[in-house]
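Trainee: Hey, could you walk me through this one? Tell me what stands out.

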Amino acid sequence: MGSDFPAKPKSTILVHSTSNMAVTKLFLRPHSLPLSTLPSILLLPKISSLPKKLTILSLCNFTTTTQPQISDPNLFLYGPSLHKGTNPTIPQSQLPITAFTKPSHRLQLQEENEEEEEDNLINAKNFSRVFDIAALRVPAKDCFALESRLRGHLLNWPRIHNIARVAGDEVEEELAELLTNPSREADDENALVSLNRRMYGKSEGDGECLSPVLYREKLAKTFDSRGYVKFRNLAKMSRPNQRKKRRDEEDEGSEGGEGKKRLRKGEFSVLEVVDDEEEEGEDLKGLLGDEFEGRKKWRGSTRLLLLDERCANGSVEDLPEAIKVAMKENTGKSMCPTLELVRCKLTLFYDYWQMNEILEALLPEGMIIPSAFETVGHIVHLNLRDEHLPYKKLIAKVVLDKHKPKIQTVVNKIDAIDNDYRTMQLEVLSGNHSLVTTVVENGLRFQVDLAKVYWNSRLATERQRLLNSFTRSDVVCDVFSGVGPIAMSAARIVKRVYANDLNPHAIEYLERNSVLNKLERKIKVFNMDGRRFINAMFASDKAKSITQVVMNLPNDAAEYLDAFRGILVDRSMDEEFTLPKIHVYGFSKAQDPEFDFHQRIRIALSEVAVDVETRRVRLVAPGKWMLCASFILPKSVAFAKPTLNM
Ligand SMILES: C[S@@+](CC[C@H](N)C(=O)[O-])C[C@H]1O[C@@H](n2cnc3c(N)ncnc32)[C@H](O)[C@@H]1O
C-alpha cells in the first residue's frame, strides 16, 4: 500500500536550471505515513481473515458509541483517503482529462516549455485509488425507497452518490416482463436464452450482431406472433434512448475491456461491478436456506445501492441486520429475488481529491498546507510563506487544477506593497499569464489589471458599509479612487461622484468601468495628486455641493488631511455652507489604535477639537488594524489660514 502514495519530496528534490529559470522537479517516494505506524485499534482486520460473526460485532462497535480516541485526526481511517485503497496501474487514456490538459495554443517556445514542465509537475496517476465496495443490486423502481430504508448502512462518502448506475442496468419494461414472467417463459429455458440473445441484438444461429434495422424487424416479427398489440413501446425500444446509446458507445471505446469506461471531463470516479455470481448464490443459499436453490435471477432495470465500506469484504451473512431483513423479505415474496449482493470496484481519480489532501500528500511532512488565498476574477492570489517557496509551482498547479475552470491563473505576491500606486509585485506560477481580469462586486463589473492597478476584494464588505451611509442627495469626492469600487457603487446611489487617482492606469480602467456599468454620466474623473484634487474641488463652484469625501489610502491618507486647512478661506464666513463629512482610512499598530489614529488626524488638521467616530475595519496583520474615521470637517479648519502652499 505504501508504494501507492505520491511524493513526499523532502529528500528528493532536483533543481534543473534552464536558460533563465529554475524548475523544481519532484520525485515521488512512498508516503511517510505507513500503516504500521497507526494505532492497532484503527487497523481494521481484513474481514475474510476473521470469523464472520465476530467481524460484524467488532465493526458495529466501531460505529456506535466507542469511537476510538485519536489524537491525530488524519489517522482516522473511515471514508475515502489517499492513505487507503490501492493504486491501479491504469492506462493513460483513462485518466481524467483535466489532469493532463494541454493548452490549445502557445505563443512562444519558452512559454511552451514552461507549460510542459508545469503539466509534468504532478503525476495524476499516483492519486488514483481503487476501493473494494459491496453493493446491493436492486430494481430501479425500488431504489429510492430502499435508499431511505437502508440509509445508515450505505456508503457515506463525499461526492459519491450511493445510488449508482452501471452500463446495461436499463432493461425495457416489456422485455423485463417477458423475461421474468414464469407463466410465459419459466419452463422454456431455451426460449429465454433465445430472447435474451435477440434483446442484445444477436442473431439466432451464428451469434453475429444484427444491424439495428434487422434487429428491429426481427423483434417486430417475434412480437407480432406473440401479441404485438400489447407491445406499446416498440418504436422507442428499437431506438435505444440517448443516454443508453452514449453509455454503450463509451463501453465500446474503452481500452480497459468490458465494464470499464473512458472518463469524461469532470468525472472523478468510476464504478465497476466485479462478477462473482456463483459465490454470491452460495452466500444467499447460506442465508436463506435450501429453498433458495433453483430460484431464478430477477431481470429488469436495476440500480446499485453502494453499501457502507465496512460491508466491503464480507459475505451476505456478515451484512447488517437491516440489509439481511430487506433481502429476506424480498426473497420470501417471489421466486426471483430482486435484491442481489454484488462486489464492486470504486476508483477515485486525481480530480476526486480535495486540494488539501493532494497538497498534504505532496508537501514535506509537518509543513503547513497553504489553504487561504484570495481570488480576483480568474486569478488566485497566493501569499506563500518562505518555507513554501521551493514548492511554489507545485502548490500553484494543485490550486489551479482544483479550481478550474473558474480559475485560470495562480500568482504569488513577491514583495510587500510599497509603491505609490499600491500595486503588487506578482509572479505567475501556474496557468495563463494574463493579469487582466473582470471582478463582479455589488452587482458591478470591474476590469482590472493586477500588474498595473490596485484591487482588494477583501474590502468589499467595508465598501458596502460605507455606501449604506450615503443618500440620493449626496455628492461624493473619492480622493484615492483606484479603478473605482467605491466611486462606482456610490454613483448608483448618490447625485454625483468626483473620482480621482494618481495612477493613470487606474483612471483608464475607472473610465472604462464606468462605461461598462453605464455610470459614466454620474462620474467625473480626475488624474492628479490627492492634495491638489482636494484643493481644486473646494476652490471650484462644486465646493458647496460636496457632502462626502472618501480617503482610502490607509498608509498615508490621514496625513493628506492637511489639505483641508483653509480650504474655504477665500469664501465669506456668512455664505451658506454644508461642510462635508470626511471618511479617512488608516492603519495602526498601537495598543489603542482608535486613540492613535485620532491623534494623527488632529495633528494633520492642526485642530484639537475634532469629533471623530472611529471603527476597526479589519486586522491586516497580527497587531495591525485598518481603521476608518469619520467626522464633519470642522469650520475652524475649513476657514483657517492655509498651511499648505499648493
Ligand atoms: C489603497 S488604494 C484604494 C483604491 C480604491 N479606493 C479601492 O478601494 O480599491 C489607494 C489608491 O490611491 C492611489 N494614490 C496613491 N497615492 C496617491 C496620491 N498622492 N494621490 C492620489 N491618488 C493616490 C493609488 O494609485 C491607489 O489606486
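Mentor: Let's start with helix α14, in what is a predicted model. The face of α14 turned away from its buried side carries two exposed residues, Thr 461 and Asn 468.

Trainee: And which residues of α14 are buried?

Mentor: In α14, which runs over residues 460-468, the buried ones are Glu 462, Arg 463, Leu 466 and Leu 467. Looking down the axis of α14, you find them within an arc of 140°, so they line one face of the helix.

Trainee: Why would residues three or four places apart point the same way?

Mentor: An α-helix has 3.6 residues a turn, so that spacing brings them round to the same direction.

Trainee: OK, switching to the ligand. What does the side chain of Arg 463 do there?

Mentor: An N or O atom in the side chain of Arg 463 sits 2.9 Å from an oxygen atom of the ligand. Arg 463 is also one of the buried residues of α14.

Trainee: What about the nitrogen atoms of the ligand?

Mentor: A polar backbone atom of Phe 480 is 2.9 Å from a nitrogen atom of the ligand. Asp 529 uses its side chain: a polar atom there lies 2.8 Å from a ligand nitrogen.

Trainee: How much of the ligand does the protein bury?

Mentor: The protein buries 98% of the 590 Å² that the ligand exposes when taken alone.

Trainee: Which residues come nearest to the ligand?

Mentor: There are 20 residues around the ligand, and Asp 420, Asp 501, Asp 529, Gly 530 and Tyr 560 come nearest. By type, the shell divides into 9 nonpolar, 6 polar and 5 charged residues.

Trainee: New topic: how many salt bridges does the whole structure have?

Mentor: A search finds 23 salt bridges. One of them joins Lys 84 and Glu 309, with the closest N and O atoms 2.7 Å apart.

Trainee: Where do Lys 84 and Glu 309 sit?

Mentor: Lys 84 lies in the loop between α1 (52-63) and α2 (109-119), while Glu 309 is in the loop between β6 (302-306) and α11 (321-333), so the pair ties together parts that are 225 residues apart in sequence. Both Lys 84 and Glu 309 are buried.

Trainee: Got another one like that?

Mentor: Try Glu 340 and Arg 137, whose side chains meet in a salt bridge at 3.3 Å, N to O. Glu 340 belongs to strand β7 (residues 340-348) and Arg 137 to strand β3 (residues 129-139), and the two are 203 residues apart. Both Glu 340 and Arg 137 are buried.

Trainee: What about Arg 165 and Asp 169?

Mentor: Arg 165 forms a salt bridge with Asp 169, the closest N and O atoms being 2.8 Å apart. Arg 165 is partly exposed at 30% relative accessible area, whereas Asp 169 is buried at 3%. They belong to a network of salt bridges that links Arg 165, Asp 169, Glu 170 and Arg 303.

Trainee: Last thing, any backbone oddities?

Mentor: The peptide bond from Lys 404 to Pro 405 is cis, with omega near 5°. Pro 405 is in the loop between α13 (392-403) and β10 (409-413).

Trainee: And which residues have a positive phi without being a glycine?

Mentor: Asn 442 is one, with phi of about 50°, in the loop between β12 (436-441) and β13 (444-449). Lys 518 is another, at about 55°, in the loop between α16 (504-516) and β16 (523-526).

Trainee: Are those two buried or exposed?

Mentor: Asn 442 counts as partly exposed at 26% relative accessibility, and Lys 518 is exposed at 73%.

Note on methods:
Residues numbered from 1 in each chain as written. Predicted model: local features only at pLDDT ≥ 70, side-chain atom pairs only at ≥ 80, totals over all residues. Heavy atoms only, no water. Near = heavy atom within 4 Å. Polar contact = N/O pair within 3.5 Å; in protein donor to acceptor, adjacent residues only side chain to side chain. Areas by Shrake-Rupley, 256 points an atom, 1.4 Å probe, with all protein chains shown as cover. Nonpolar A, V, L, I, M, F, W, Y, C, P; charged D, E, K, R; others polar. Salt bridge = Lys/Arg side-chain N within 4 Å of Asp/Glu carboxyl O. Helix = DSSP H or I, 4+ residues; strand = E, 2+ residues; numbered from the N terminus. Buried < 20%, exposed > 50% of the residue type's maximum accessible area, 1.4 Å probe, protein only. Arc of directions from axis to C-beta.
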